[in-house]
Amino acid sequence: MTVNLFVILCSLVLWVDNGVHSLQKPVRKFPEGFKFGAATAAYQVEGAWNEDGKGPSIWDDLTHTHPSPISDGSTGDVAADTYHLWKSDVELMKQLGLDFYRFSISWSRILPTGFADQINQKGIDYYDNLITELLKNKIEPMVTLYHWDLPSSLQKLGGLANPLIVEWFEQYARVVFDKFGDKVKYWITINEPKQICYEGYGSTAKAPQLNMTGIAEYICAKNVLLSHAKVYHLYDENYRYKQNGQIGISVSCTWYEPASDTIEDHQAAEDARQFDWGQYIHPIFSKTGDFPLSLKNNVRLRSKEQGFLRSRLPVLSSEEIVYIRGSSDFLGINSYTTKLTYRDASLEGMYPVPSYMDDMSAVMVKDASWPQAQSSWLQSVPWGFYKILTQVRYLYDNPAVWITENGWSTSGGLIDNDRVKYYRTYLSALLDAVEEGSNIKGYTAWSLFDNFEWMSGYADKFGIFEVDFKDPKRKRTPRKSAHVYKEIIRSRSLDMNYEVDDKTVLAPTQVVEKDYVEGY
Ligand code: GBH
């Protein structure tokens, strides 16, 4: 009788359990060897903008302009002060259980003039200490060479609009590989070329605010691709055999979903993807190389209509195409959101002429039903992330991919349930793609800390750790999302039902210290 009841109960449990599994697994495992990290970028967190011999960068220049173009008038002069707090920061990373930490090197901190004539030893020491401390704690450094803070001197010479940037970048990279290449095994040459070129050169959304619409963003695009390829080949030929690392590029990918089922809107969404990320991924990762056809055609046609003698999109020569194609060991994807996209034949007065937006002739809008972050451009659309990963697998022959940024902004607070939900649903979308064959090696949360969010200053908070910017010590406190991420990393799995008590989050100092003492 008891035995019978036991058998019946067991089969009942199995049946219910199977039923749940076939709908949605509550706990999903990450693949063997999958790595978890968190990211920052030099200008956004370091502070110490003029200390120990650092030269100025274009972000120092922009934030020190009067009146300030930054929405809250702030600067990165102190930021999260990681320049001084690196050691205790590594302790926090260790408690979190990070496999790797992605950060960037400030070019003008180690080469104050931009060139290799003066190497600032104190700058070298800073990164060397950080890297050594990370390795001591079994956290792999993943280092970005360029995350938007060009030395001011090089901007005076035209910055990324000057083709010589390719050589300047190579000289800088040589110093970095010589100094740190024995310890660093993951390199990212350039963070988000589109944001550098379109936002910085073709509009006013980022430094150096050149705003030479329709012209400078394409010159920059060619120079960025060649700079990246140059440094890839430098590493591949001169360092890889002895340093044995990997080197790639990080591209920002937004998903553009057709706003309706018309052919026009599908075409507009496809054009938007090709302009936004195909412009940079296609030359490196496609079989044929070169800029995508739709980009070349659209810009050429518009240029002709406008009376230009040549396309405003510079030509890549056949040698350059070959040089760029294949110049990455992996593709870094930074991804945050999705936009609805439609075609509007008139575009009357909508965009400057000429411009990148006008060339693309697509209109992007938000969907009011999607959850909205603090940053106006950011909505949570996990299926869009899945579509990007799937598209990349199909279009570029399933390259090795690292998600080098993904994250959510709030206006503050430790109980960040919407961020927790964002991370979980995006990681679940990532697992869907992995289970269908996408070759995704790791995932990076943006950001480890609240930081200087470019034109938004400190209003948009992306940290899984809160930073108190009113506190001279810039106290860090783990948010609920940090607790959840820690459990994801510890268990190497995604448990949608894992709960963190709000009280635990609100008494954070205790938790952190206790964990630390126990040598977590
Ligand atoms: C990344 O940029 C940066 O690498 C990082 O430094 C930054 O702090 C982080 O993300 C958060 O912003 O759809 O026309 O409204 C993100 C780049 C900026 C790309 C906003 C998409 C939307 C423009 N994204 N952009 S629009």
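Biologist: How many salt bridges does a search of the whole structure find?
Modeller: The model is a predicted one. A salt bridge here needs a side-chain nitrogen of Lys or Arg within 4 Å of a carboxyl oxygen of Asp or Glu. Searched as a whole on that basis, the structure gives a total of 27.

Biologist: Which helix holds the residue that pairs with Arg28 in a salt bridge?
Modeller: The side chain of Arg28 meets that of Asp432, with N to O at 2.8 Å. The two come from distant parts of the chain, 404 residues apart. Arg28 belongs to strand β1 (residues 27-29), while Asp432 belongs to helix α16 (residues 417-435).

Biologist: Is Asp432 buried, partly exposed or exposed?
Modeller: Buried means under 20% relative accessible area and exposed means over 50%. Arg28, at 12%, is buried. Asp432 has a relative accessibility of 31%, so its class is partly exposed.

Biologist: Which residue is linked with Arg28 and Asp432 in a network of salt bridges?
Modeller: Arg28 and Asp432 form a salt bridge with each other. They also belong to a network of salt bridges. The other residue linked in that network is Glu435.

Biologist: How far apart are the closest N and O atoms of Lys206 and Glu199?
Modeller: Lys206 and Glu199 are both buried. They form a salt bridge. Its closest N and O atoms are separated by 2.4 Å.

Biologist: Why is helix α9 described as largely enclosed by the rest of the structure?
Modeller: Helix α9 covers residues 193-201. Its buried residues include Lys194, Tyr198 and Glu199. The helix counts as largely enclosed because the number of its residues that are buried is nine of the nine.

Biologist: Which residue of the salt bridge between Glu270 and Arg273 is buried?
Modeller: These side chains meet at 2.8 Å, N to O. Both residues lie in helix α11 (residues 263-285), three residues apart, which is about one turn of the helix. Glu270 has a relative accessible area of 25% and is partly exposed. At 7%, the buried residue is Arg273.

Biologist: Where does the ligand sit?
Modeller: The ligand is surrounded by 15 residues, and the closest are Gln44, His147, Lys339, Glu453 and Trp454. One oxygen contact of the ligand, at 2.8 Å, is to an N or O atom in the side chain of Gln44. The protein covers 80% of the 580 Å² of accessible area that the ligand has on its own. Its site is the largest pocket.

Biologist: What distance separates a polar side-chain atom of Glu453 from an oxygen atom of the ligand?
Modeller: Glu453 is among the closest residues to the ligand. For His147, an N or O atom of the side chain is 2.9 Å from a ligand oxygen. For Glu453, the distance from a polar side-chain atom to a ligand oxygen is 2.6 Å.

Biologist: Which residue is joined to Pro354 by a cis peptide bond?
Modeller: Pro354 lies in the loop between β9 (338-342) and α14 (356-360). Omega of the cis bond is about -5°. The residue joined to Pro354 is Val353.

Biologist: What is the relative accessibility of Trp454?
Modeller: Trp454 is placed in the loop between β12 (440-446) and β13 (465-467). Its phi is near 50°, a positive value in a residue other than glycine. Trp454 counts as buried, with a relative accessibility of 5%.

Definitions and conventions: Residues are numbered from 1 along each chain as its sequence is written. This is a predicted model: local features need pLDDT of at least 70, side-chain atom pairs count only at pLDDT 80 or more; totals for chains, interfaces and linings use all residues. Side-chain values use heavy atoms; hydrogens and water are left out. Helices (H or I, at least four residues) and strands (E, at least two) are DSSP runs, numbered from the N terminus. Buried means under 20% relative accessible area, exposed over 50%, partly exposed in between (1.4 Å probe, protein chains only). A residue is near a molecule or strand if one of its heavy atoms lies within 4 Å of it. A polar contact is a pair of N or O atoms within 3.5 Å; within protein, one must be able to donate a hydrogen and the other to accept it, and residues adjacent in sequence count only if both atoms are side-chain atoms. Accessible areas come from the Shrake-Rupley method with a 1.4 Å probe; for residues, only the protein chains shown count as cover. On a 1 Å grid over the protein atoms alone, a cavity is a set of points where a 1.4 Å probe fits but cannot get out, and a pocket is an open set with protein on both sides within 12 Å along at least five of seven lines; lining residues have an atom within 4 Å of a point. A molecule sits in a cavity or pocket if more than half of its atoms lie within 2 Å of its grid points.
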